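Reader: I am new to this structure and would like a close look at a single part of it, taken slowly. Please start from the picture below and keep the answer connected.

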Amino acid sequence: MSNASAASSGLPVGRGLLYLIIAGVAWGTAGAVAALAYGVSDLGPVALSFWRCASGLVLLAAVRLLRPRTRTAARGPLGRTVWRAGVTGLGLAVFQTGYFAAVRSTGLAVATVVTLGAGPVLVALGARLTLRERLGRGGTVAVVGALAGLGVLTLGGGGSAVRPWGVLCGLASAAGGSAMTLLTRRWGRDGEADAAATSVGVFAVTSALLLPFALAEGLVPHTVEPGLLLWLLAYLAAVPTALAYALYFAGAAAVRSATVSVIMLLEPVSAAVLAVTLLGEHLTAPTLLGTFLMLGSVTGLAVAETRAVRRGEPVPV
């Protein structure tokens, strides 16, 4: 990506990287919140995903209506905007439900490795084929380091059974997330990336797709602590959903797709930190090593891309 490409998205690369880092960390808090919600209610994963998306949609729509009108990136015809929101919303629905299905089938460790580990590979291949982006030697090293860290982080405890159906669900989830990243990046290049409008449209589509499955699972939860559950759902809607996805769509339009996929590996890192500090899980040596490898890879990619743009050098594409 060059300076001209960054300009077309309307966001400096440095700020896009910051947005993506905040989004990745915020997403990592969603798992801890979900675990707490499961502990105080009978909510299922699909119903929880629906409430997360539907509540986030309300917040994003309210912010969009209340904020001052400013010039944003150019947008294409209404029909194309609707189509793009539909495709991205489908990708988000597949990403969320595929991951939950993989966790249920083959366990958290294997599902995380398959979903988040396959994501950067699929994005790198897709970006090469559709966007003419290439990692370069430094980027390849960073991706390998990030995947190694993810493997150490999630498989350090060992003992997880690998089931083919769970692996397929994890790969489907990775494909959905990778499609979102690639499409957002491509539209950012075209100068048609309005993050606020994109987020609202995507969450509207995703909520509609999840609703029938949530109704079948049980939409209204039963709980003995309704106040706590409401606070948990409010946080889930506001921070790792409305805020994080708005930042993600804005940042992903300005930063290389492969870099986006690696930075998003911050999600399991922040989840591991919360598991120790909030849920009382034991901090193991593999957890520390995996976290170090992943943070190092993310930092290396972010610094390299920012320096290249500041020097006026084209980032490899």
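My question is about the interior: how many residues does the largest nonpolar core have, and which residues have the most contacts inside it?

Author: What is shown here is a predicted model, and a few words on the whole chain will help to place the core. The chain has twelve helices and zero strands, and buried residues make up 49% of its 317 residues. Among the contacts with a separation of 6 or more, 91% are accounted for by residues 24 or more positions apart.

The largest nonpolar core has 47 residues, and those with the most contacts inside it are L20, F203, Y245, Y248, V260 and M264. The elements that give two or more residues to this core are α2 (13-40), α3 (45-66), α8 (195-217), α9 (226-252) and α10 (257-263), and of these α9 gives the most, with twelve residues.

V260 offers a way to look inside, since two other residues from that list of six appear among its partners: leaving aside neighbours within four places in sequence, V260 is in contact with L20, T181, Y248, A252 and V255. Apart from this core there is a second, separate one of five residues, which includes L116, V143, A146 and V262.

Another place where distant parts of the chain meet is A85, which is found in helix α4 (residues 78-106). With a relative accessible area of 16%, A85 falls under the 20% limit and is therefore buried. Leaving aside neighbours within four places in sequence, A85 is in contact with G201, V202 and V205; one of these, V202, is 117 residues from A85 in sequence, yet the two are 4.8 Å apart in space, C-alpha to C-alpha.

Nonpolar side chains also appear at the surface, where L18, I22 and L243 make a nonpolar patch of about 240 Å². L18 has its place in helix α2, and because its relative accessible area is 47%, between the limits of 20% and 50%, L18 counts as partly exposed. For the chain as a whole, the accessible surface comes to about 14600 Å², of which 70% belongs to carbon and sulfur atoms.

Finally, a word on the cysteines: C53 is buried, with a relative accessible area of 0%, and C169 is buried as well, with a value of 8%. A disulfide is a covalent bond between the sulfur atoms of two cysteines, and the count of disulfides here comes to zero.

Note on methods:
Residues are numbered from 1 along each chain as its sequence is written. This is a predicted model: local features need pLDDT of at least 70, side-chain atom pairs count only at pLDDT 80 or more; totals for chains, interfaces and linings use all residues. Side-chain values use heavy atoms; hydrogens and water are left out. Helices (H or I, at least four residues) and strands (E, at least two) are DSSP runs, numbered from the N terminus. Buried means under 20% relative accessible area, exposed over 50%, partly exposed in between (1.4 Å probe, protein chains only). Contact means heavy atoms within 4.5 Å. A nonpolar core is a set of buried Ala, Val, Leu, Ile, Met, Phe, Trp, Tyr and Cys residues joined through side-chain atoms within 4.5 Å. Patches are made of residues with over 30% relative accessible area and no salt bridge: like charges are joined within 9 Å, nonpolar side chains (Val, Leu, Ile, Met, Phe, Trp, Tyr) within 5 Å. Accessible areas come from the Shrake-Rupley method with a 1.4 Å probe; for residues, only the protein chains shown count as cover. A salt bridge is a side-chain nitrogen of Lys or Arg within 4 Å of a carboxyl oxygen of Asp or Glu. A disulfide is a pair of cysteine sulfur atoms within 2.5 Å.
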